[in-house]
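Reader: I am in my first year and still learning to read structures like this one. Could you take me slowly through a single part, and then show me how the surroundings are put together?

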Amino acid sequence: MDSLTSASGREFRRAVVTGGAGFLGAHLCAALLRDGAEVVCVDDFSTGSPEAVAPFRDEPGFELAVADVSDGLVVDGAVDLVLHFASAASPPQYAARPVATLRVGSAGTYNALRLAERCGARFVMASTSEVYGDPLLHPQREDYWGNVNPVGPRSVYDEAKRFSEALTTAFGQTGAVDTGIVRIFNTYGPGMRHDDGRAVPNFVRQALAGEPLTVAGNGRQTRSLCFVDDLVRGVLALARSGLRTPVNIGNPHEVTVLELAERIRSLAGSGSPVRFVDAAPDDPRRRCPDITAAQRELGWSPETGLDEGLRRTIGWFASDEAAQRTSGEIRV
C-alpha cells in the first residue's frame, strides 16, 4: 500500500478522522484516501452529513463508524494518525447544542487522545482562531493568549476548544501522545452545508437565490478566508511534522465582511441588494493570522486566491442546488 510520507520519513497507513462527515473532516478523509491511506471516519451526523462521505463510501480503504466520540472511541486494529475534528463549528450549530459542544471538546478530546495513546498514533486536534476571542493583538500570533468572554454567546465553542488545547498539551507534555494543535482560521469551499450560518455560505446562497445579502453590523469587521484545499494541505503538513506547539493555519489576506458580500454578489452575477442587520454579540472585530510559524516550521502558505476560491465555491453551491431540484431532495 502507498502511504503518506513526510520528508522526515513519517508514514500514515491508517487514520481515524473524528467528525469525518463534517465539512473539513470529509475533505481530510478524501485527501488521505487519495494518498493511499486507509481511513476510519467517525461521526454521529449531529452536524455532519452522510452526503459528505457518499463519494467514497464504497472505497475499500474507507470505513464509517457512526458514533458519538463524547461517549467513547473504540477502533480495532492499528492506527497511526488520529485527527480530532468532531465539533459543531458555526455559531448557529453550537448555539443549538451548547452542552454537546462542550462535551465533544472535553470528553470527546479525552477519548480521542486515549485512542492515540493506545495505538501509539500521532494526534492532531482541530482548534480555532476563536481561542483568540475578540483579539487585542493584530495579526494574531500563537503566543497571544486571547481576549475571550467565558460566559458569552460564543463561549461554549471558544472554551471547549481552549480546554481541548490544554488537555492535548497535557498529554503531549507527559509523553503519552505525540500531539499537534492546529488553530484554524475561517475556512470555506465546496461541501459546506447550505444552512451553515457563516458568512460565505450565507452570502452565496442568498446571491444565487436573488435574496438580500444580510451583513451584520456595519460590515467593517474583518475576516481572513482560507480555501479548504489549502487548509487540508496545512493540516496534513502539521500531522507529518513533529511540531507540538499550536500553529495557525489560515490566509492572512484580510477583507471586510461588506467587501466579501459585494465580491460574492459580483462573482455570482447577482443583483441582490445588501441589507444590514444587527451585529451578533461578541462578534470579533478583526481576525487575521500570523502564519510565520507555519511557513517556517511546515513550509506551508496558502496558494488559492480569494476570487478563485469563491468562484469554485459558488459553482459548487449552484451545481448542488440544481442537483437537489432535479432529485426533489432538500438537503441542508
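Author: Let us begin with alanine 52, keeping in mind that the model is predicted. Alanine 52 is partly exposed, because its relative accessible area of 26% falls between the 20% under which a residue counts as buried and the 50% over which a residue counts as exposed. This alanine belongs to helix H2, which covers residues 50-53, and, leaving aside residues up to four places away in sequence, alanine 52 touches Ala21 and Ala26. Tyrosine 132, by contrast, is 80 residues from alanine 52 in sequence, and the C-alpha atoms of the two are 30 Å apart in space.

From there we can turn to the strands. Strand S4, made of residues 38-43, has five buried residues out of six, so the strand is largely enclosed by the rest of the structure. Strand S3, residues 14-18, runs parallel to S4 and is joined to S4 by five bridges, and within this pairing valine 17 stands opposite cysteine 41. To get from S3 to S4 the chain passes through helix H1, residues 23-34, and the resulting β-α-β crossover is right-handed. S4 is also joined by five bridges to strand S5, residues 62-66, and these two strands likewise run parallel; here aspartate 43 has valine 66 of S5 as its bridge partner. As a general point for reading such strands, side chains in a regular strand alternate between the two faces of the sheet.

Now consider the helices further along the chain. Helix H7, residues 228-240, offers a simple check: at 1.5 Å a residue, its 13 residues should span 18 Å, and the C-alpha atoms at its ends are indeed 18 Å apart, so the expected and computed values agree. H7 is mostly covered, with 11 of its 13 residues buried, among them Val228, Asp230, Leu231 and Arg240.

Helix H6, residues 199-209, and helix H8, residues 257-267, form a pair whose axes come within 9 Å and cross at roughly 35°, and the crossing of H6 past H8 is right-handed. On the H6 side the residues that meet H8 are Ala199, Val200, Phe203, Val204 and Ala207, while on the H8 side they are Val257, Leu260, Ala261, Ile264 and Arg265. The spacing of such positions is worth comparing with a general rule: an α-helix has 3.6 residues a turn, so residues three or four places apart point the same way.

Key:
Residues are numbered from 1 along each chain as its sequence is written. This is a predicted model: local features need pLDDT of at least 70, side-chain atom pairs count only at pLDDT 80 or more; totals for chains, interfaces and linings use all residues. Side-chain values use heavy atoms; hydrogens and water are left out. Buried means under 20% relative accessible area, exposed over 50%, partly exposed in between (1.4 Å probe, protein chains only). Helices (H or I, at least four residues) and strands (E, at least two) are DSSP runs, numbered from the N terminus. Two strands pair if DSSP finds at least two bridges between them. A crossover is right-handed if, with the strands pointing away from the viewer, the path from the first strand over the helix to the second runs clockwise. The expected span of a helix is 1.5 Å times one less than its number of residues. Axes are lines fitted to C-alpha atoms, for helices over the stretch in contact, and angles run from 0 to 180 degrees between N-to-C directions. A crossing is left-handed if the near helix is turned anticlockwise from the far one by less than a right angle, and right-handed if clockwise. Contact means heavy atoms within 4.5 Å.
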